[in-house]
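Welcome! Here is a short tour for anyone meeting this structure for the first time.

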Amino acid sequence: MKRLTEQEAYERLADFIKDYIYDRGWEHLSSMQIRAIGEVLEKRRNLLFTAGTAMGKTEAALMPALTDIYEHPADSVGILYISPLKALINDQFYRIEEMLAGTGLAITKWHGDAAVSRKEKLLGMPGGILQTTPESLEAMLCRHPENVRILFSGLRYIVMDEIHYFMGNQRGLQLLALLERIQRIIGKEPVRLGLSATIGDCRQAIAYLNAGSRRQALVIGYEEERRQYLISVTATRIGNTDYPAAYGKKILEQSVGKRTLLFTNSRRECEILVAQVRRLALKAGLPDCYYIHHGSISRELREEAERRMKRSAGPVMTGTTLTLELGIDIGDLDEVIQASQPLRISSMVQRVGRSGRKTMRSSIAFHLRYFEAEGGVLENLDLSLVRTIAMIELYFREKYVEPARLSRYPMNLLIHETLSILCQKGCLYPQRLAAEVLELSIFRYVSQEELRQVLRSMMEKDYIKVYEDGAVGISDAGERLCGSLEFYAVFESEETFSVRWNDQEIGTVDRAYKAGDSFFLAGRTWEVRGCDTKHRRIDVEPGTAQADIRFGGKGALHTDQRTMERIHQVLASKEMYPYLDEEAVGILTELRAAAKHLGLLKTLVQEPGTDNLLVFPVLGTDTIRTLYYIWNSAGVTCDRVMLRGFLYGIRIHSMTEAEFRACNAWILKKGCRIHRAFLLRKERMEGKYFDILPEELRYKELVEDLLDQEGAAEFLKMLAQGEECGHVPHFP
């Protein structure tokens, strides 16, 4: 069937949508919106919408879907809209509610902070759009499965917002399982519409979107985007002070007079930098227009920061982590500042897309701190500038975004879903329970024997029990677990203390401070008046003392192979990049000299002054990690070379090059085995139930989902044969 013309697509929309388009002064429908109207209303395909921020993905998905449920009403919710954040739901609510004005279609928020009266009204008269999170869907299936049939009996569309956020983690797999369980209850497969501005591998994203659905799936991108990017990178040398005044001054100068988001890689860094920039601004006689927005700040203060960003016409800056990385509407920004190196290319793309939404000129400034290596010590070498350049080059020149890694053996989730299904169904005979669990697409690689092992372990740990007639049900301990609010989330939540001043919640911290202590939170210093450990409450008052704060830490940086290749290319070349400031140019020159001196561009090199070998594979984190476990398991004494949290290579102790090559040939002959006890001692997968799993399955999940045995074996073969070892990698 031929594609619709713009006029045909427009005419196909409901009248209230046409009025919405007219009222906003749209001159044209985008190519993405035109195509979506035909694909949704005529072909009923699952669609993945990929386009930059503010390019109309939400409208492209909703306009045809709303037209359908408006023209063909049913006694049911028509569109299930799933978002990763409650704040994003609240933001989209008003935007969609405006579109629905006068139609009789309702939009209802369904999460822990939403009004109970609105939920009860929807149950009495189902219809329109329901917005929710995976955790709220889980709670509904566990506690009130009858509501699923009431609400979704005629469900036609499932919108998965920020779909990249769900891919490659347990929460995203949980969502897929929930959607399939809902489909079983209602006996229908609604059309799925996924939205993202940050997709690296569209085939992978389509596979995720389509898991558990038999519909055809298609990618629809925005073909007319001509966004310009203004990029700058500054670097500040630091000594004993992590955040010197010179660094804060650069951020202040970059943001003064502008509407700015300051992105950081941790809550602690966010607190420190906003406090520092505020002090410098006030000292210079500038207005106090600085706010904080991250997961440990109270909802009220986060919403206040959002309001200030949205409504303030004058200068305003909010320091944030990933909580403002997604599509919450805070108006158009003049500048995005990234403090420290980006953790992932996908995250960098989301962040830069927050600026220039109207002008199509996005501006991002990277402000890096450079830790100068002491005495030529390899581990002190700071490659954050090089890694940042590599990521900039990969995306802004090649539009490369690293792919997500989808789990084949999500054993933690196997336990969670087993408990959740038993909550929903009650007791089930083993054969029926196995069918309910293993027929979910996320468990397609899990065998019946592996499920039996998990069930036996769950019985031993007293999560489930077997009745006299052979049926399996939840034990008393399991009931207590499933009845807690923490159960519905598959990720582990921090143990936190509520911080309060005059009965107003400021936020949360993850440790018990004692009376007299001071710490940063919400961009201010607080002095502790008292700590109630039983009720997990800390009472504070504004303080003036020098302070710090620490939150739960993050693991080492993860780097995919393509990014590692470009890191080596940046180190090996002589190119200078126009977006670097003078200090960054000097640092890059020094790093290139250090890389040459230390042998960082060679696959295998003798460590100066020792009898050790240094192995620097041009490989991703997963593959280098796998090599480390293979060599340790073969009796090779080695350790990982971490360049300030960045896994770059492996040090082999007390071996000659000839001995090492012979050792790798022997490993290949015997098979690349990894010692189970050693791996389990060193690594742990995400999830709350890792310790419940039998050792064999813990090991299998780690090997299959954390390591890259195939890539490691290829590298071992190259080492054993002496190929390219000792030479600078060649890049096109």
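Let's begin with one residue: beyond its neighbours within four places in sequence, Gln-33 is in contact with Trp-26, Gly-56, Glu-59, Ala-60 and Met-63. Please keep in mind that this is a predicted model. After Gln-33, we turn to helix α16 and two helices that pack against it, α21 and α22.

**Gln-33 and its surroundings**

- Gln-33 is part of helix α3, which covers residues 31–43.
- Its relative accessibility is 5%, under the 20% cut-off, so Gln-33 counts as buried.
- A polar atom of the Gln-33 side chain lies 3.0 Å from the backbone nitrogen of Ser-30.

**Helix α16 with helix α21**

- Helix α16 (residues 384–398) packs with helix α21 (residues 561–572) at about 110 degrees, and their axes are 8 Å apart.
- That angle makes α16 roughly perpendicular to α21.
- The crossing of α16 past α21 is right-handed.
- On the α16 side, the residues making this contact include Val-386, Ile-389 and Leu-394, while those from α21 include Arg-562, Ile-567 and Leu-571.
- Sorted by class, this contact has 8 nonpolar, 1 polar and 5 charged residues.

**Helix α16 with helix α22**

- The axes of α16 and helix α22 (residues 582–598) cross at roughly 105 degrees and come within 10 Å.
- These two helices are therefore roughly perpendicular to each other.
- Leu-385, Val-386 and Ile-389 of α16 meet Ala-584, Ile-587, Leu-588 and Leu-591 of α22.
- By class, the contact of α16 with α22 has 7 nonpolar residues, with no polar and no charged ones.

Technical notes: Residues are numbered from 1 along each chain as its sequence is written. This is a predicted model: local features need pLDDT of at least 70, side-chain atom pairs count only at pLDDT 80 or more; totals for chains, interfaces and linings use all residues. Side-chain values use heavy atoms; hydrogens and water are left out. Axes are lines fitted to C-alpha atoms, for helices over the stretch in contact, and angles run from 0 to 180 degrees between N-to-C directions. Helices (H or I, at least four residues) and strands (E, at least two) are DSSP runs, numbered from the N terminus. Angles under 35 degrees count as roughly parallel, over 145 as roughly antiparallel, 65 to 115 as roughly perpendicular and the rest as oblique. A crossing is left-handed if the near helix is turned anticlockwise from the far one by less than a right angle, and right-handed if clockwise. Contact means heavy atoms within 4.5 Å. Ala, Val, Leu, Ile, Met, Phe, Trp, Tyr, Cys and Pro count as nonpolar, Asp, Glu, Lys and Arg as charged, and the others, Gly among them, as polar. Buried means under 20% relative accessible area, exposed over 50%, partly exposed in between (1.4 Å probe, protein chains only). A polar contact is a pair of N or O atoms within 3.5 Å; within protein, one must be able to donate a hydrogen and the other to accept it, and residues adjacent in sequence count only if both atoms are side-chain atoms.
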